[in-house]
Amino acid sequence: MKVIDHIRNAKGKTLFTIEILPPLKGENIRSLFDNMDPLMEFKPPFIDVTYHREEYVYKKKEGGLLEKRSTRKRPGTVGICAAIQNHYKIDTVPHIICGGFNREETENALIDLHFLGIDNVLVLQGDGIKNEGRFVPEPDGHKYASELLQQVVDMNQGKYLDEDLQNTTPTNFCIGVAGYPEKHFAAPNLKTDLKYLKMKVDLGAEYIVTQMFFNNKVFFDFVDKCREIGITVPIIPGIKPITTKSQVSILPTTFHIDIPEELADEVEKCRDNAAVKEVGIEWCVQQSRELMTRGVPTLHYYSMGKSDPIYRIARQLF
Ligand SMILES: Cc1cc2nc3c(=O)[nH]c(=O)nc-3n(C[C@H](O)[C@H](O)[C@H](O)COP(=O)(O)OP(=O)(O)OC[C@H]3O[C@@H](n4cnc5c(N)ncnc54)[C@H](O)[C@@H]3O)c2cc1C
(Lines give C-alpha, C1' and ligand atoms only; values in the text may rest on other atoms or scores of the structure.)
Protein backbone atom coordinates (compact mmCIF):
# COMPACT_ATOMS: atom_id res chain seq x y z
CA MET A 1 0.00 0.00 0.00
CA LYS A 2 1.13 3.54 -0.69
CA VAL A 3 2.43 5.92 1.97
CA ILE A 4 -0.11 8.50 0.88
CA ASP A 5 -2.96 6.03 1.39
CA HIS A 6 -1.70 5.13 4.87
CA ILE A 7 -1.74 8.84 5.71
CA ARG A 8 -5.24 9.31 4.25
CA ASN A 9 -6.59 6.25 6.06
CA ALA A 10 -5.26 7.52 9.38
CA LYS A 11 -7.76 10.42 9.10
CA GLY A 12 -5.61 12.91 10.99
CA LYS A 13 -4.21 10.51 13.59
CA THR A 14 -0.42 10.75 13.79
CA LEU A 15 1.26 7.51 12.71
CA PHE A 16 4.48 5.98 14.01
CA THR A 17 7.10 5.27 11.32
CA ILE A 18 10.82 4.59 11.25
CA GLU A 19 13.82 4.74 8.97
CA ILE A 20 16.31 1.91 9.22
CA LEU A 21 19.72 1.22 7.73
CA PRO A 22 20.61 -2.06 6.01
CA PRO A 23 23.03 -4.07 8.14
CA LEU A 24 26.76 -3.69 7.59
CA LYS A 25 28.14 -6.08 4.99
CA GLY A 26 28.68 -9.51 6.54
CA GLU A 27 26.06 -9.04 9.25
CA ASN A 28 22.96 -11.17 9.58
CA ILE A 29 19.42 -10.02 8.80
CA ARG A 30 18.36 -11.71 12.07
CA SER A 31 20.12 -8.98 14.05
CA LEU A 32 18.13 -6.38 12.12
CA PHE A 33 14.87 -8.17 12.89
CA ASP A 34 15.83 -8.57 16.57
CA ASN A 35 16.37 -4.83 16.67
CA MET A 36 13.07 -4.10 14.93
CA ASP A 37 10.86 -6.66 16.69
CA PRO A 38 10.07 -4.53 19.77
CA LEU A 39 8.98 -1.60 17.56
CA MET A 40 6.27 -3.69 15.92
CA GLU A 41 4.18 -3.07 19.07
CA PHE A 42 3.54 0.44 17.70
CA LYS A 43 2.35 -0.85 14.32
CA PRO A 44 4.38 1.21 11.87
CA PRO A 45 2.40 1.26 8.60
CA PHE A 46 5.60 1.65 6.59
CA ILE A 47 9.34 1.50 7.12
CA ASP A 48 11.97 3.42 5.18
CA VAL A 49 15.19 1.67 4.25
CA THR A 50 18.16 3.87 3.37
CA TYR A 51 20.42 3.34 0.37
CA HIS A 52 24.19 3.54 0.72
CA ARG A 53 26.41 4.06 -2.26
CA GLU A 54 29.94 2.83 -2.66
CA GLU A 55 32.82 4.49 -0.89
CA TYR A 56 36.57 4.23 -1.20
CA VAL A 57 38.73 2.51 1.38
CA TYR A 58 42.49 2.24 1.43
CA LYS A 59 44.02 -1.19 2.17
CA LYS A 60 47.67 -1.57 3.03
CA LYS A 61 49.41 -3.99 0.69
CA GLU A 62 52.69 -5.84 1.23
CA GLY A 63 55.52 -3.35 1.11
CA GLY A 64 53.35 -0.67 2.68
CA LEU A 65 51.70 0.54 -0.53
CA LEU A 66 48.09 1.67 -0.18
CA GLU A 67 45.50 0.21 -2.52
CA LYS A 68 42.32 2.19 -3.20
CA ARG A 69 39.24 -0.05 -3.25
CA SER A 70 35.62 0.69 -3.88
CA THR A 71 33.21 -0.98 -1.46
CA ARG A 72 29.62 -0.70 -0.32
CA LYS A 73 29.48 -1.10 3.43
CA ARG A 74 25.70 -1.38 3.63
CA PRO A 75 24.37 -3.12 0.55
CA GLY A 76 21.01 -4.87 0.50
CA THR A 77 18.36 -2.12 0.49
CA VAL A 78 16.10 -3.93 -1.97
CA GLY A 79 16.58 -7.31 -0.27
CA ILE A 80 15.86 -5.83 3.16
CA CYS A 81 12.68 -4.18 1.85
CA ALA A 82 11.44 -7.46 0.39
CA ALA A 83 12.40 -9.33 3.57
CA ILE A 84 10.51 -6.84 5.79
CA GLN A 85 7.40 -7.02 3.62
CA ASN A 86 7.59 -10.80 3.75
CA HIS A 87 8.43 -11.11 7.47
CA TYR A 88 6.30 -8.38 9.05
CA LYS A 89 3.73 -7.77 6.28
CA ILE A 90 4.56 -4.08 6.52
CA ASP A 91 5.04 -1.75 3.56
CA THR A 92 8.50 -0.48 2.85
CA VAL A 93 9.94 2.64 1.29
CA PRO A 94 13.30 1.96 -0.31
CA HIS A 95 15.38 5.09 -0.83
CA ILE A 96 16.61 5.41 -4.38
CA ILE A 97 19.43 7.75 -5.28
CA CYS A 98 21.00 9.38 -8.32
CA GLY A 99 24.59 8.72 -7.21
CA GLY A 100 26.25 5.62 -8.62
CA PHE A 101 23.45 4.80 -11.09
CA ASN A 102 22.97 5.52 -14.74
CA ARG A 103 19.44 5.74 -16.13
CA GLU A 104 19.35 2.16 -17.36
CA GLU A 105 20.47 0.81 -13.97
CA THR A 106 17.84 2.96 -12.30
CA GLU A 107 15.17 1.62 -14.64
CA ASN A 108 16.20 -1.96 -13.90
CA ALA A 109 16.20 -1.31 -10.15
CA LEU A 110 12.69 0.16 -10.38
CA ILE A 111 11.53 -2.89 -12.34
CA ASP A 112 12.87 -5.12 -9.52
CA LEU A 113 11.01 -3.05 -6.90
CA HIS A 114 7.81 -3.17 -8.93
CA PHE A 115 8.02 -6.96 -9.34
CA LEU A 116 8.59 -7.30 -5.58
CA GLY A 117 5.32 -5.50 -4.87
CA ILE A 118 6.99 -2.44 -3.38
CA ASP A 119 4.68 0.54 -3.88
CA ASN A 120 6.80 3.41 -2.58
CA VAL A 121 10.12 5.09 -3.20
CA LEU A 122 11.85 8.02 -1.54
CA VAL A 123 13.68 9.74 -4.38
CA LEU A 124 16.97 11.43 -3.51
CA GLN A 125 20.10 12.85 -5.00
CA GLY A 126 22.08 10.72 -2.51
CA ASP A 127 25.18 11.61 -0.59
CA GLY A 128 28.37 12.33 -2.47
CA ILE A 129 31.21 9.83 -2.17
CA LYS A 130 32.90 10.35 1.20
CA ASN A 131 35.93 12.63 0.97
CA GLU A 132 34.99 13.75 -2.56
CA GLY A 133 33.33 16.79 -1.13
CA ARG A 134 30.63 17.33 -3.72
CA PHE A 135 28.10 15.18 -5.51
CA VAL A 136 29.18 13.92 -8.93
CA PRO A 137 26.55 12.24 -11.13
CA GLU A 138 27.30 9.16 -13.20
CA PRO A 139 27.74 9.58 -16.94
CA ASP A 140 24.14 9.22 -18.18
CA GLY A 141 22.97 9.40 -14.57
CA HIS A 142 20.85 12.00 -12.83
CA LYS A 143 22.23 15.08 -11.15
CA TYR A 144 19.22 16.12 -9.10
CA ALA A 145 16.46 14.23 -7.32
CA SER A 146 13.94 15.99 -9.62
CA GLU A 147 15.47 14.25 -12.67
CA LEU A 148 15.30 10.85 -11.01
CA LEU A 149 11.77 11.65 -9.93
CA GLN A 150 10.86 12.40 -13.56
CA GLN A 151 12.12 8.95 -14.54
CA VAL A 152 9.88 7.31 -11.91
CA VAL A 153 6.93 9.44 -13.05
CA ASP A 154 7.60 8.36 -16.64
CA MET A 155 7.65 4.71 -15.62
CA ASN A 156 4.41 5.22 -13.70
CA GLN A 157 3.02 6.28 -17.09
CA GLY A 158 4.50 3.26 -18.85
CA LYS A 159 7.32 5.29 -20.45
CA TYR A 160 10.53 3.26 -20.37
CA LEU A 161 13.89 4.40 -21.72
CA ASP A 162 13.52 2.33 -24.88
CA GLU A 163 10.84 4.21 -26.79
CA ASP A 164 10.30 1.21 -29.07
CA LEU A 165 8.95 -0.94 -26.23
CA GLN A 166 5.30 -1.74 -26.91
CA ASN A 167 2.47 -2.39 -24.41
CA THR A 168 4.62 -1.65 -21.39
CA THR A 169 3.32 -2.16 -17.88
CA PRO A 170 3.21 1.11 -15.95
CA THR A 171 4.71 1.00 -12.47
CA ASN A 172 2.66 2.53 -9.68
CA PHE A 173 5.05 4.07 -7.19
CA CYS A 174 4.06 6.62 -4.58
CA ILE A 175 6.96 9.05 -4.60
CA GLY A 176 8.35 10.87 -1.59
CA VAL A 177 11.12 13.47 -1.53
CA ALA A 178 13.41 15.07 1.06
CA GLY A 179 12.99 18.57 2.50
CA TYR A 180 15.34 20.58 4.70
CA PRO A 181 13.84 22.85 7.39
CA GLU A 182 17.30 24.31 7.96
CA LYS A 183 18.09 24.41 4.20
CA HIS A 184 20.09 21.89 2.20
CA PHE A 185 23.78 22.60 2.74
CA ALA A 186 24.45 23.27 -0.95
CA ALA A 187 21.54 25.66 -1.46
CA PRO A 188 22.45 29.35 -1.49
CA ASN A 189 19.44 30.16 0.70
CA LEU A 190 16.21 28.60 1.97
CA LYS A 191 14.05 30.36 -0.61
CA THR A 192 15.99 28.83 -3.50
CA ASP A 193 15.97 25.43 -1.84
CA LEU A 194 12.18 25.67 -1.44
CA LYS A 195 11.83 26.56 -5.12
CA TYR A 196 13.46 23.24 -6.03
CA LEU A 197 11.42 21.41 -3.42
CA LYS A 198 8.27 22.79 -5.04
CA MET A 199 9.62 21.67 -8.40
CA LYS A 200 9.81 18.09 -7.08
CA VAL A 201 6.25 18.29 -5.80
CA ASP A 202 4.97 19.81 -9.04
CA LEU A 203 6.63 16.97 -10.95
CA GLY A 204 4.74 14.37 -8.91
CA ALA A 205 6.11 13.92 -5.39
CA GLU A 206 3.21 13.05 -3.10
CA TYR A 207 4.81 13.76 0.25
CA ILE A 208 7.92 15.25 1.84
CA VAL A 209 10.08 13.81 4.65
CA THR A 210 12.29 16.28 6.44
CA GLN A 211 15.86 16.17 7.54
CA MET A 212 16.13 15.79 11.31
CA PHE A 213 15.72 18.91 13.45
CA PHE A 214 15.80 19.51 17.19
CA ASN A 215 13.81 22.72 17.35
CA ASN A 216 10.16 22.37 16.38
CA LYS A 217 9.88 26.05 15.51
CA VAL A 218 12.24 25.45 12.61
CA PHE A 219 9.87 22.76 11.32
CA PHE A 220 6.71 24.83 11.80
CA ASP A 221 8.28 27.80 9.98
CA PHE A 222 9.37 25.49 7.18
CA VAL A 223 5.85 24.08 6.80
CA ASP A 224 4.42 27.63 6.75
CA LYS A 225 6.87 28.66 4.03
CA CYS A 226 6.06 25.54 1.99
CA ARG A 227 2.34 26.28 2.24
CA GLU A 228 2.93 29.93 1.27
CA ILE A 229 4.52 28.88 -2.03
CA GLY A 230 1.77 26.40 -2.79
CA ILE A 231 3.20 23.09 -1.57
CA THR A 232 0.15 21.26 -0.31
CA VAL A 233 1.37 17.65 0.11
CA PRO A 234 1.86 16.09 3.57
CA ILE A 235 5.13 17.06 5.26
CA ILE A 236 6.50 14.36 7.55
CA PRO A 237 8.89 15.46 10.31
CA GLY A 238 11.97 13.29 10.65
CA ILE A 239 13.35 13.26 14.18
CA LYS A 240 16.00 11.50 16.20
CA PRO A 241 16.98 11.33 19.86
CA ILE A 242 20.54 12.28 20.73
CA THR A 243 22.19 9.32 22.46
CA THR A 244 25.86 10.20 22.83
CA LYS A 245 27.87 13.27 23.77
CA SER A 246 29.79 13.23 20.50
CA GLN A 247 26.56 13.56 18.47
CA VAL A 248 26.30 17.18 19.57
CA SER A 249 29.07 17.94 17.12
CA ILE A 250 28.77 14.97 14.71
CA LEU A 251 25.13 15.61 13.78
CA PRO A 252 25.64 19.28 12.84
CA THR A 253 28.76 18.34 10.85
CA THR A 254 27.10 15.46 9.03
CA PHE A 255 23.57 16.78 8.53
CA HIS A 256 24.11 20.55 8.57
CA ILE A 257 21.60 21.16 11.34
CA ASP A 258 21.60 23.13 14.58
CA ILE A 259 21.42 21.72 18.08
CA PRO A 260 19.55 24.21 20.29
CA GLU A 261 21.58 25.78 23.06
CA GLU A 262 19.37 24.35 25.81
CA LEU A 263 19.80 20.78 24.52
CA ALA A 264 23.55 21.17 23.98
CA ASP A 265 23.89 22.56 27.54
CA GLU A 266 21.92 19.65 29.02
CA VAL A 267 24.11 17.14 27.17
CA GLU A 268 27.23 18.96 28.26
CA LYS A 269 26.24 18.52 31.90
CA CYS A 270 25.91 14.73 31.54
CA ARG A 271 28.58 12.55 33.14
CA ASP A 272 28.29 9.71 30.62
CA ASN A 273 26.39 8.55 27.56
CA ALA A 274 23.78 6.74 29.66
CA ALA A 275 22.80 10.15 31.04
CA VAL A 276 22.92 11.71 27.55
CA LYS A 277 20.52 9.05 26.30
CA GLU A 278 18.00 10.04 29.00
CA VAL A 279 18.29 13.71 28.04
CA GLY A 280 17.93 12.84 24.34
CA ILE A 281 14.89 10.66 24.90
CA GLU A 282 13.15 13.28 27.04
CA TRP A 283 13.87 16.02 24.44
CA CYS A 284 12.55 13.83 21.65
CA VAL A 285 9.39 12.94 23.60
CA GLN A 286 8.68 16.65 24.16
CA GLN A 287 9.31 17.38 20.48
CA SER A 288 7.06 14.49 19.45
CA ARG A 289 4.24 15.57 21.78
CA GLU A 290 4.19 19.08 20.34
CA LEU A 291 4.38 17.82 16.75
CA MET A 292 1.50 15.44 17.46
CA THR A 293 -0.59 18.26 18.92
CA ARG A 294 -0.06 20.14 15.66
CA GLY A 295 -1.40 17.11 13.77
CA VAL A 296 1.67 15.95 11.80
CA PRO A 297 0.81 12.95 9.59
CA THR A 298 3.48 10.69 11.02
CA LEU A 299 6.35 10.94 13.45
CA HIS A 300 9.21 9.48 11.49
CA TYR A 301 12.10 8.36 13.68
CA TYR A 302 15.63 7.96 12.42
CA SER A 303 16.68 4.80 14.22
CA MET A 304 20.27 4.78 12.92
CA GLY A 305 20.51 1.12 13.82
CA LYS A 306 19.38 1.50 17.45
CA SER A 307 15.79 0.75 18.35
CA ASP A 308 15.93 1.00 22.15
CA PRO A 309 15.63 4.80 22.45
CA ILE A 310 12.89 4.85 19.79
CA TYR A 311 11.05 2.12 21.70
CA ARG A 312 11.16 4.11 24.91
CA ILE A 313 9.91 7.24 23.12
CA ALA A 314 7.12 5.43 21.29
CA ARG A 315 5.93 3.76 24.52
CA GLN A 316 5.13 7.19 25.89
CA LEU A 317 3.26 8.34 22.79
CA PHE A 318 1.61 5.56 20.80
C1 LIG B 1 14.64 12.07 4.65
C2 LIG B 1 16.00 11.90 4.04
C3 LIG B 1 16.45 10.63 3.68
C4 LIG B 1 17.71 10.45 3.09
N5 LIG B 1 18.12 9.20 2.74
C6 LIG B 1 19.31 9.02 2.11
C7 LIG B 1 19.73 7.72 1.67
O8 LIG B 1 19.06 6.71 1.89
N9 LIG B 1 20.92 7.63 1.01
C10 LIG B 1 21.71 8.73 0.75
O11 LIG B 1 22.77 8.58 0.12
N12 LIG B 1 21.33 9.96 1.16
C13 LIG B 1 20.17 10.13 1.83
N14 LIG B 1 19.78 11.39 2.24
C15 LIG B 1 20.70 12.51 2.02
C16 LIG B 1 20.45 13.22 0.68
O17 LIG B 1 20.71 12.34 -0.38
C18 LIG B 1 21.39 14.42 0.62
O19 LIG B 1 20.99 15.38 1.56
C20 LIG B 1 21.59 15.05 -0.74
O21 LIG B 1 22.68 15.94 -0.63
C22 LIG B 1 20.39 15.85 -1.26
O23 LIG B 1 19.37 15.04 -1.63
P24 LIG B 1 17.99 15.65 -2.22
O25 LIG B 1 17.22 14.51 -2.74
O26 LIG B 1 17.37 16.53 -1.23
O27 LIG B 1 18.59 16.48 -3.46
P28 LIG B 1 18.00 17.50 -4.51
O29 LIG B 1 16.54 17.70 -4.37
O30 LIG B 1 18.50 17.07 -5.84
O31 LIG B 1 18.71 18.85 -4.08
C32 LIG B 1 20.13 18.89 -3.90
C33 LIG B 1 20.59 20.33 -3.92
O34 LIG B 1 20.47 20.87 -5.24
C35 LIG B 1 19.57 21.95 -5.27
N36 LIG B 1 18.77 21.72 -6.48
C37 LIG B 1 17.76 20.85 -6.66
N38 LIG B 1 17.33 20.86 -7.92
C39 LIG B 1 18.09 21.77 -8.58
C40 LIG B 1 18.15 22.24 -9.94
N41 LIG B 1 17.32 21.77 -10.85
N42 LIG B 1 19.08 23.17 -10.26
C43 LIG B 1 19.94 23.66 -9.32
N44 LIG B 1 19.92 23.26 -8.02
C45 LIG B 1 19.02 22.33 -7.68
C46 LIG B 1 18.78 21.91 -3.99
O47 LIG B 1 18.38 23.19 -3.58
C48 LIG B 1 19.79 21.29 -3.04
O49 LIG B 1 20.67 22.27 -2.57
C50 LIG B 1 18.54 11.58 2.87
C51 LIG B 1 18.10 12.86 3.25
C52 LIG B 1 16.85 13.03 3.84
C53 LIG B 1 16.40 14.39 4.26
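A crossover is right-handed if, with the strands pointing away from the viewer, the path from the first strand over the helix to the second runs clockwise. The legends below describe close-up views of a predicted model.

**View 1. Strand β1, helix α2 and strand β2 form a right-handed β-α-β unit.** Helix α2 covers residues 29-36, and strand β2 covers residues 46-49. β1 and β2 run parallel and are joined by three bridges. In this pairing, Ile20 of β1 is opposite Val49 of β2.

**View 2. Strand β1 also pairs with strand β11.** The two strands are parallel and share five bridges. β11 spans residues 298-302, and its Thr298 stands opposite Leu15.

**View 3. Strand β1, residues 15-20, is mostly covered.** Six of its six residues are buried. In a regular strand, side chains alternate between the two faces of the sheet. Here Leu15, Thr17 and Glu19 point one way, while Phe16, Ile18 and Ile20 point the other way. Both sets are buried, Glu19 and Thr17 included.

**View 4. The largest nonpolar core contains 62 residues.** Ile20, Ile84, Val121, Val123 and Tyr301 touch the most other members of this core. Helix α5, residues 145-156, supplies the largest share, with six residues. Another core, of 27 residues, lies apart from it and includes Cys174, Tyr207, Ile236 and Val279.

**View 5. Contacts of Ile84, leaving aside neighbours within four places in sequence.** Ile84 is in contact with Ile20, Phe33, Met36, Ile47, Val49, Lys89, Ile90 and Thr92. Of these, Ile20 and Val49 also stand opposite each other in the pairing of β1 with β2.

**View 6. The ligand has 24 residues around it.** Tyr51, Tyr180, His184, Asp193 and Lys200 come nearest. A polar side-chain atom of His95 lies 2.8 Å from a ligand oxygen atom. Backbone N or O atoms also approach ligand oxygen atoms: one of Gly126 lies at 2.9 Å, and one of Ala145 at 2.8 Å.

**View 7. Lys11 and Asp140 are residues other than glycine with positive phi values.** Phi of Lys11 is near 50 degrees, and this residue is in the loop between α1 (3-9) and β1. Lys11 counts as exposed because its relative accessibility is 74%, where exposed means over 50%. Phi of Asp140 is near 60 degrees. Asp140 is placed in the loop between β6 (120-124) and α5.

How values were computed: Residues are numbered from 1 along each chain as its sequence is written. This is a predicted model: local features need pLDDT of at least 70, side-chain atom pairs count only at pLDDT 80 or more; totals for chains, interfaces and linings use all residues. Side-chain values use heavy atoms; hydrogens and water are left out. Buried means under 20% relative accessible area, exposed over 50%, partly exposed in between (1.4 Å probe, protein chains only). Helices (H or I, at least four residues) and strands (E, at least two) are DSSP runs, numbered from the N terminus. Two strands pair if DSSP finds at least two bridges between them. A nonpolar core is a set of buried Ala, Val, Leu, Ile, Met, Phe, Trp, Tyr and Cys residues joined through side-chain atoms within 4.5 Å. Contact means heavy atoms within 4.5 Å. A residue is near a molecule or strand if one of its heavy atoms lies within 4 Å of it. A polar contact is a pair of N or O atoms within 3.5 Å; within protein, one must be able to donate a hydrogen and the other to accept it, and residues adjacent in sequence count only if both atoms are side-chain atoms.
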